[in-house]
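Here is a set of short exercises to work through with the model open beside you. Try each task before reading its solution.

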Amino acid sequence: MRLRQSAALTVAAATSVLAFPALPASAATAGNTLYVDQKSASCTDAGTGSQANPYCTISAAAAAVRPGQTVKVAAMSGVYAETVTIGRSGTPEQPITFLGLSHNEIRPMLAPAKADASGFVLTGVHDVVVQGFVVRRFAPGTAPLVGVRDSDRVTIDQMTYGSRTGGPSVQVSGGSGDLTVSRSRFIQTGGVEVGAGAHDVLISANEFNRITNEAVTATDAPRTAVTNNTIAFTCEGSVRIDGTSPGAVIENNVITAEHKADTGATPTPDCATAPASRGQAEVAVSAGSVSGSKVDYNLLHPRSGGFAYAWAGSTYPTAAAFTAAQPGQAAHDVDVDISFDTTSSALRLPAAATAGIDSTDPTAPGVPSDLTGVKPVDHPEVANSGGVRDRGAYEVSGQSSASLTLTTRTSSMQGPPPFTVQATAWASNTWGLAQAAYHFDFGDGSSVDSTTSSVSHTYTSPGSYSVTATVTDTLGGTVTSRAQLVEVKPAADLTVGTSVTKNAALGVTVTSTLTSPYVLHPNYMVDFGDGDLRYLSVNELTVQHQYRAPGTYQITVQASDEGYRSATSRKTVQVSSAGYDASIAPGERVQLFALPQDGSTPANTGANYTLGAWAPFLPVRTTMLPQPATTVSAAAITAGQYVQLFSLSKDGRVFTAARNLGSDNGLLKPGEWQQWDEVTLADQAGALPGITQLSATTLGNVVHLVAVAKGRVYETSGYQGGWEWLPWGDITGTLGYPADVTSAAAASIGNVMHVAMLSSDGRIRVGDADYDRRRWSGGELTAAVGRLPGKVTQVAAAATPGSKFHVVALADGKVYEAGGDYAAGRWTNWGNITAETGLPALTRVAAAGTGNSLRVFGLTTGNQIMNADGNYTLGRWTKAQRVDTASAAGPVNPFSSQLIGDLSVAGR
């Protein structure tokens, strides 16, 4: 034949790529390969492209490659934003090969100022193979994705093209000859354009699917061969031989122009004109090109009402009409309206299209296998009407699918050398044929041919290897599996590195570095040294933590890998807070608690008014506290300097924990928390269904807990920090109050506990428990001092010296206070604290007394915590200030934004 297959395709090295077979590995021998891997931490364009120090770009390798060498781009190494300009040549015996493993992607549009750039440019070269790359461009432009000019013996093989922006995908120009474009997929992009001066160009075994112009054009390009391609749904004609291009061969193709998109089967391409009005014939040969040209052995279905052929300016709707007018042309062409399986990624011949099976011209030039690497196979159920090769880009075979499974002693295909894998192949054969042979390509230049389905292989050098299996049945039909990736990393230990940065509010940021040639186990451990242990994903290498108290802590980070190894890193950190120290020092103090709406960890801050300092908000110890807790809490400080905190769980149980605010008592250090204990156990206070609110106060070292449940108010008591609680007592029942209480609050004066109770009708009643006289008394406060304007939603309570009991009420977001002077036997009228202090509208209110001051805290609709203080010695209120600012306690959680559900405060 005048048109011969490129020598480069015959001898070029190739390792298996996704869905493609391996070609002979003569060029990819040891010491004959340049490596490219932009994801490698050791990549450098200033090096020599070794496996240990690969190039970062393909362009750097292109500038260094020599005859006989292969540029191997690491599998799964991502998108290369560059235009690869190839200016070096090989020889017929030692071609230069650019090999993309598992379809490495080139996107020139991502490079700076390269919106209309090509992916590969080959100018004035010879004996070069470019194989196994995806080339895409989505920005507007007309430059070819691959451009070849004035070059000989060049093969562009096993590529995938994607560009919806105009222009050809492959452009051959100048004096280029003996050039092959083969076994590639052109998907909704431009086709192949062969320009003036080019000659002997073979375009074979390609899929052209929804091409935006014409699939193949050749102008003034003698001896262009278009064979064994599948061309479907083009916007314009399928194949056009134009100008003076004699000796063209257009054979063994499957061509269908009918737009299945019109029936919803296949998406419509981006056509500049309406599909029905395009007017071109599917195969057109100009008058200057008919000499020595041949059109035959095609499955060709034109658009309805369109032309199948144009020959020297005359058009023909059918093969019969064309053959009658031009004897010898299209004599074996058949019009078949093929219904492709568009759910598949490939436009394969369906089994019913028997006219395309075993019916080709065996003398037509082409490549030795179909697009996926399957060699011609004789279909046992279809009579031959030509050569055993099928028409189009895909061979029909009983080998319908193949799978490859790799196993090793680890669960992931990654580890250091020597790294041994067991490869097992399986194939399905719809013709009922047995499998005769298995070919395993391990991607490192070695392969194994076997009659059994499972073989082992040991990698001795680091690298990224793409492994495929090709299975052959007894008729010679082959099918190749998808590639599996094996990552062999340089031998090294598992290492764990840790850095610690101190933040405000006793917080730290811990950043870990984990390295191993094996895959790391998915979680690693961080022990912060304060009893808080966390297991984190290896993808989450930075974590923040807040300590509950100043101190020196050892942070331990531990990780393990699939090599059955573990490693540990330890760092010591010292955290301190002057505000924390002041908050537990003697003086007028409050302890403020904020419970997040999601029921997660309560936060605690404290203020020492004597020293004028706030502690930062810190997490409360949650040992034995069910998570999530509810947003209901209460707190009180005993005479023995314990703050007792209560929290309600989601299932209605009450838990308590104590914090030591005094000196080291042998049980708890200053500032330390106990673990949580349940108050509502059967042998303690007992269950109390329907709790909606809690309040607490102390008489000496005895803690009294008040709860609102189903409209009634109950009370239990226990010793500070202890775990023995008396059974619930019904306060409303004892006093004869109606069971419609919505909010209650308690405070103590001497040995008397005072409880304010808000009813649903806005009335506020007070109950007084005199433990010296062992009796309850009470009355309606609103009858004495009047009812508040608006809807009252909550009451709080506090006591100050001089037998003064303060009832604080929240009505329509405003805060009011009425004081009961039990020594003088009178109550003051309601005072508007909001108007006096400038408090914004509140959703929650809490109160505590220290010295002769009433401390009022509130939560705004904007999730801010406010404070205003009434000094009864000076007879004035302070202006409202935020607590959760840097000048006071800071944010409730410095590492996240939490919505607060409840506030409680205790003072002494």
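**Exercise 1. The largest cavity**

Find which elements each supply at least two residues of the lining of the largest cavity, and then describe that cavity.

Solution. Please keep in mind throughout that this is a predicted model.

Step 1. The elements that each supply at least two lining residues are H4, strand S45 (603-608) and strand S47 (618-619).

Step 2. Now rank the contributions: S45 gives the most to the lining, with 3 residues.

Step 3. Put the cavity in context. Searching the whole structure gives 2 cavities of 30 Å³ or more, and the largest holds about 70 Å³ of space. Its lining is made of 14 residues, and those closest to the centre are Arg 548, Tyr 580, Asn 604, Leu 618 and Arg 659.

**Exercise 2. Ser 583**

Decide whether Ser 583 is buried or exposed, and work out what its side chain reaches.

Solution.

Step 1. Locate the residue: Ser 583 belongs to helix H4, which covers residues 578-583. H4 is also one of the elements found in the lining of the largest cavity.

Step 2. Check the accessibility. The cut-off for buried is under 20% relative accessible area. Ser 583 has 1% relative accessibility, so Ser 583 counts as buried.

Step 3. Follow the side chain of Ser 583, which reaches the backbone oxygen of Tyr 580 at 2.7 Å. Tyr 580 was met above among the residues closest to the centre of the largest cavity.

Step 4. Look beyond the neighbours within four places in sequence: Ser 583 is in contact with Arg 589, Gln 591, Gly 606, Ala 607, Asn 608 and Ala 615.

**Exercise 3. Gln 558**

Determine how Gln 558 is placed, and which residue its side chain joins through a polar contact.

Solution.

Step 1. Gln 558 sits in strand S42, residues 551-561.

Step 2. Partly exposed residues fall between the 20% and 50% cut-offs. With a relative accessible area of 34%, Gln 558 is therefore partly exposed.

Step 3. Setting aside residues up to four places away in sequence, Gln 558 touches Tyr 524, Met 525, Ala 567 and Thr 568. With Thr 568 there is also a side-chain to side-chain polar contact of 3.1 Å.

Step 4. For a distance across the sequence, take Tyr 535: Gln 558 and Tyr 535 are 23 residues apart in sequence, and their C-alpha atoms are 9.6 Å apart in space.

**Exercise 4. Ile 96**

Say whether Ile 96 is buried or exposed, and list residues in contact with it.

Solution.

Step 1. Ile 96 is in strand S5, residues 96-106.

Step 2. Its relative accessibility is 0%, so Ile 96 counts as buried.

Step 3. Leaving out neighbours within four places in sequence, the contacts of Ile 96 include Val 65, Pro 67, Arg 88, Asp 127 and Val 129. Val 71 lies 25 residues from Ile 96 in sequence and 8.0 Å from Ile 96 in space, C-alpha to C-alpha.

Step 4. Carry on from Val 129, which stands opposite Thr 155 in S9. Strand S7 (residues 126-137) and strand S9 (residues 152-157) run parallel, joined by 5 bridges. S9 pairs in turn with strand S12 (residues 177-182), in the parallel sense over 4 bridges; Asp 157 has Ser 182 in S12 as its bridge partner.

**Exercise 5. Two open sheets**

Work out the strand order of the open sheet of 10 strands, then that of the open sheet of 3 strands.

Solution.

Step 1. The order in the sheet of 10 strands is S4-S6-S8-S11-S14-S17-S20-S23-S26-S27, and the pairing is mixed. Strand S4 (84-86) and strand S27 (314-316) are the edge strands, each pairing on one side only. Neighbouring strands here are turned by 10° against each other on average, direction ignored.

Step 2. Zoom in on one pair: S17 (residues 216-219) and S20 (residues 239-242) run parallel with 4 bridges, and Thr 217 stands opposite Arg 240 in S20.

Step 3. The sheet of 3 strands has the order S37-S38-S41, with antiparallel pairing. Strand S37 (495-503) and strand S41 (542-546) each have a single partner strand, so one side of each is left without a neighbour in the sheet. The average turn between neighbouring strands of this sheet is 20°, direction ignored.

Step 4. Finish with S37 and strand S38 (residues 507-515), which run antiparallel over 9 bridges. Val 500 finds its bridge partner in S38 at Val 510.

Technical notes: Residues numbered from 1 in each chain as written. Predicted model: local features only at pLDDT ≥ 70, side-chain atom pairs only at ≥ 80, totals over all residues. Heavy atoms only, no water. Buried < 20%, exposed > 50% of the residue type's maximum accessible area, 1.4 Å probe, protein only. Polar contact = N/O pair within 3.5 Å; in protein donor to acceptor, adjacent residues only side chain to side chain. Contact = heavy atoms within 4.5 Å. Pairing = 2+ DSSP bridges. Axes fitted to C-alpha atoms, helices over the stretch in contact; angles between N-to-C directions. 1 Å grid on protein atoms, 1.4 Å probe; cavity = no way out; pocket = protein on both sides within 12 Å on 5 of 7 lines; lining within 4 Å. Points joined across faces, edges and corners; volume = space filled by probe spheres on them.
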